[in-house]
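This report describes selected strands, one residue and one pocket of the structure shown below.

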Amino acid sequence: GINKKKEVVGFSQTANGLSYHAFVTDPGGLNMRDVGVPGDFVMAKRINNKGTIVGIYSSTWADPQRAFVADRLGRYSDLSILTNLGSNRFLSDASALNDDGQIVATSNDWRCYLLTPADR
């Protein structure tokens, strides 16, 4: 993903080849650094013009994929913790967001959600 400031997000394999970590760059695509979401597989998919990042992560290769929201400073949250989907359901993918902070996410039972921040 890329925003108007040309900050880029994505994922890359670690040097030991055992995991993938999400990255974000400075404006203009320079100085790639880790987003800070822990896990063996972490993929940043989108970044809005305010620097909010969404994507997916798995703590280990055996764990299910989960959706996250993060900022450039390494603060992140599992989106399922911020929502109330009921038992046995969780957000497994965050695929888009806008500059108002609204996030498009999908749950493990293939339902689609539009998440809107409470302060909006």
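## The β1-β2 hairpin

In this predicted model, β1 and β2 form a hairpin with 6 residues between them. Glycine 17 lies in the turn and has a positive phi of about 75 degrees. The two strands run antiparallel and are joined by 5 bridges; β1 covers residues 9-13, and β2 covers residues 20-24. One of the facing pairs is valine 9 with valine 24 of β2.

## Glycine 10

Strand β1 includes glycine 10. Is this glycine buried or exposed? Its relative accessibility is 10%, and because buried means under 20%, glycine 10 counts as buried.

Leaving aside residues up to four places away in sequence, glycine 10 touches His21, Ala22, Phe23, Met43 and Ala44. Arginine 33 is 23 residues from glycine 10 in sequence, and the C-alpha atoms of the two are 10 Å apart in space.

## The sheet β8-β9-β10

Three strands make up an open sheet, ordered β8-β9-β10, with antiparallel pairing. Its edge strands are β8 (91-97) and β10 (112-115), each of which pairs on one side only. On average, neighbouring strands of this sheet are turned by 30 degrees against each other, with direction ignored.

Strand β9 spans residues 103-107 and is joined to β10 by 4 bridges, the two running antiparallel. Among the bridge partners, alanine 105 is matched with tyrosine 113 of β10, and valine 104 with leucine 114 of β10. These two strands also form a hairpin, with 4 residues between them. In its turn, tryptophan 110 has a positive phi of about 70 degrees.

The two faces of β10 can be told apart by covering: Tyr113 and Leu115 belong to the covered face, whereas Cys112 and Leu114 belong to the uncovered one. Of the bridge partners named above, tyrosine 113, which pairs with alanine 105, is thus on the covered face, and leucine 114, which pairs with valine 104, is on the uncovered face.

## The largest pocket

Rolling a probe the size of a water molecule over the atoms shows where empty space is left. The largest pocket found in the model has a volume of about 180 Å³.

Which residues line the largest pocket? They are Val69, Leu79, Leu82, Thr83, Gly101, Ile103, Leu115, Thr116, Pro117 and Ala118. By type, this lining divides into 7 nonpolar residues, 3 polar residues and no charged ones. Leu115 of the lining also belongs to the covered face of β10, and Ile103 of the lining falls within β9 (residues 103-107).

Notes: Residues numbered from 1 in each chain as written. Predicted model: local features only at pLDDT ≥ 70, side-chain atom pairs only at ≥ 80, totals over all residues. Heavy atoms only, no water. Pairing = 2+ DSSP bridges. Axes fitted to C-alpha atoms, helices over the stretch in contact; angles between N-to-C directions. Buried < 20%, exposed > 50% of the residue type's maximum accessible area, 1.4 Å probe, protein only. Contact = heavy atoms within 4.5 Å. 1 Å grid on protein atoms, 1.4 Å probe; cavity = no way out; pocket = protein on both sides within 12 Å on 5 of 7 lines; lining within 4 Å. Points joined across faces, edges and corners; volume = space filled by probe spheres on them. Nonpolar A, V, L, I, M, F, W, Y, C, P; charged D, E, K, R; others polar.
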